[in-house]
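Let's take a walk through this protein together, starting with the overall layout and then moving on to some details. Keep the picture in view as you read.

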Amino acid sequence: MSKYQVNKEGYYGPFGGAYIPEMLYPNVEELQQQYLDIMADPSFQQEFEQLLRDYVGRPSPLYRANRLSEKYKTNIYLKREDLNHTGAHKINNTIGQILLAERLGKKRIIAETGAGQHGVATATVCALKGLECVVYMGEIDIKRQAPNVARMKMMGATVVAAQSGSKTLKDATNEALRDWINNPVDTHYIIGSVVGPHPYPDMVARFQSIISEETKKQLLEKTGKENPDIVMACVGGGSNAAGMFYHFLDAEDVQLIAVEAAGHGVNSGESAATTVLGKEGVLHGSRSILMQTEDGQVIEPYSISAGLDYPGIGPQHAWLFKSGRGSYVSATDDEAMQAGLLLTKLEGIIPAIESSHALAHLEKMNFKGDETVVICLSGRGDKDLDNYMNYFGF
Ligand SMILES: Cc1ncc(COP(=O)(O)O)c(C=O)c1O
């Protein structure tokens with residue numbers, strides 16, 4: 001088994017585990033005992049693959065960005081998760097988890113969301129399956145991601161505003177966990193990233209691993225080699241990065257680069273660059289690296305992008321960082337916005353601001369010229385148009 005994957009106890013090195021209140025124990029244990037068997041079942045596999053193909057539109061293209069490659073003098077490929085139904089990678093995970101919830105006999109679905117992409121992806125699969133859906137979202141995010149709130153409501157979901165703390169993703173996650181504690185029997189909590197108690201980080205990474213599975217096949221077809229030199233992705237909780245890295249973890253010659261949100265700068269007091277600012281601790285049910293004060297209070301994160309505005313990273317990322325397998329870097333709001341505009345002008349693709357963070361790191365790299373670089377374009381920028389317009393004054 002890979003030393004970068006979860007072990008039988010639910011840990012990645014020292015990170016992971018299930019640090020949960022006793023009242024959640026039955027739910028989490030049920031998942032721990034059943035998720036691998038359910039996912040391995042041929043009827044599950046068949047329905048998962050069929051929905052990814054016919055409903056989500058997979059495989060997502062691997063596109064060689066010619067003008068971007070020319071600018072940075074190397075070979076850049078974009079894994080086009082932005083072209084998925086609902087506009088981001090999040091739907092890969094929600095399709096998987098709704099099929100799992102069905103098989104566990106759950107009738108009610110809850111979720112947390114930051115940018116709204118995971119909320120939309122959850123509301124979508126609930127409409128698809130006719131299940132009740134409640135999405136928790138920070139009050140601030142409700143304002144900055146209004147189109148996604150409208151989408152969720154159209155699909156029949158109830159959107160509940162999280163009013164505590166920074167009124168963003170962390171607070172929405174707290175509210176969702178509280179709901180789950182109060183409704184343990186009939187409710188499944190679809191966590192939207194590789195965070196939370198074991199088995200969520202592993203389960204979500206497996207559902208997202210389709211990203212690197214397809215990339216290998218597509219690269220082989222296009223370049224004759226299935227492994228690139230470098231893969232890059234942005235990191236909020238870390239699910240698109242986990243999916244992008246998954247099948248390359250043990251290929252140590254493939255460089256893994258994860259880009260966090262530096263907000264106004266890592267030392268500005270307004271940042272979400274967890275690996276720079278964080279320390280080891282427990283958040284939302286697992287041991288990882290998180291931004292906290294001396295006495296363990298969570299520090300409010302900040303990023304212009306709602307999907308990266310999270311004070312922690314998933315436990316697998318903490319392990320990839322600590323073990324040195326992955327390089328964890330960051331991009332500021334300004335760097336990301338400029339990179340988003342650059343992609344739009346050079347390739348005619350408006351990226352989600354989250355994905356723009358991954359693109360921004362290109363500016364800081366020195367290429368020899370013959371590398372193959374794959375960047376996970378985790379989402380499309382439609383939801384961010386207001387933000388782009390305000391920033392650039394269009
Ligand atoms: C388009 C997009 N990319 C990236 C993220 C960050 O999440 P993760 O780190 O789990 O991929 C989000 C979260 O909402 C998102 O909407």
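What you see is a predicted model. The protein chain is divided into domain 1, made of residues 22-51 and 90-204, and domain 2, made of residues 59-88 and 209-392. If you take the centre of each domain over its C-alpha atoms, the two centres are 22 Å apart.

How do the two domains meet? Contacts link 29 residues of domain 1 with 32 residues of domain 2. Between them the domains bury about 2,400 Å², and 58% of that lies on carbon and sulfur atoms. On the side of domain 1, Arg144, Lys170 and Val194 lose the most area to domain 2, together 23% of what that side buries. The interface also holds 2 salt bridges. Lysine 170 forms a salt bridge with glutamate 300, with 3.4 Å between the closest N and O atoms.

Now look at helix α14, residues 333-347. Its 15 residues should span 21 Å at 1.5 Å a residue, and the end C-alpha atoms are indeed 21 Å apart, so the two values agree. Several of its residues are buried, including Ala336, Leu343 and Leu346. After α14 comes glycine 348, which has a positive phi, near 70°.

Another glycine to find is glycine 130, in the loop between α5 (117-129) and β6 (132-138). Is glycine 130 buried or exposed? Its relative accessibility is 63%, and exposed means over 50%, so glycine 130 counts as exposed. Its C-alpha atom is 9.1 Å from that of lysine 107, although 23 residues separate the two along the chain.

Finally, the UniProt record, an unreviewed entry, places the feature "domain: Tryptophan synthase beta chain-like PALP" at residues 57-379. Over residues 57-379, the chain is 40% helix and 21% strand.

Note on methods:
Residues are numbered from 1 along each chain as its sequence is written. This is a predicted model: local features need pLDDT of at least 70, side-chain atom pairs count only at pLDDT 80 or more; totals for chains, interfaces and linings use all residues. Side-chain values use heavy atoms; hydrogens and water are left out. UniProt positions are given in the numbering used here, feature names are shortened, and annotations may be inferred rather than shown by experiment. Helices (H or I, at least four residues) and strands (E, at least two) are DSSP runs, numbered from the N terminus. Buried means under 20% relative accessible area, exposed over 50%, partly exposed in between (1.4 Å probe, protein chains only). The expected span of a helix is 1.5 Å times one less than its number of residues. Domain bounds come from an automatic or database domain assignment. Contact means heavy atoms within 4.5 Å. Buried area is the accessible area (1.4 Å probe) that two parts lose on being put together, summed over both. A salt bridge is a side-chain nitrogen of Lys or Arg within 4 Å of a carboxyl oxygen of Asp or Glu.
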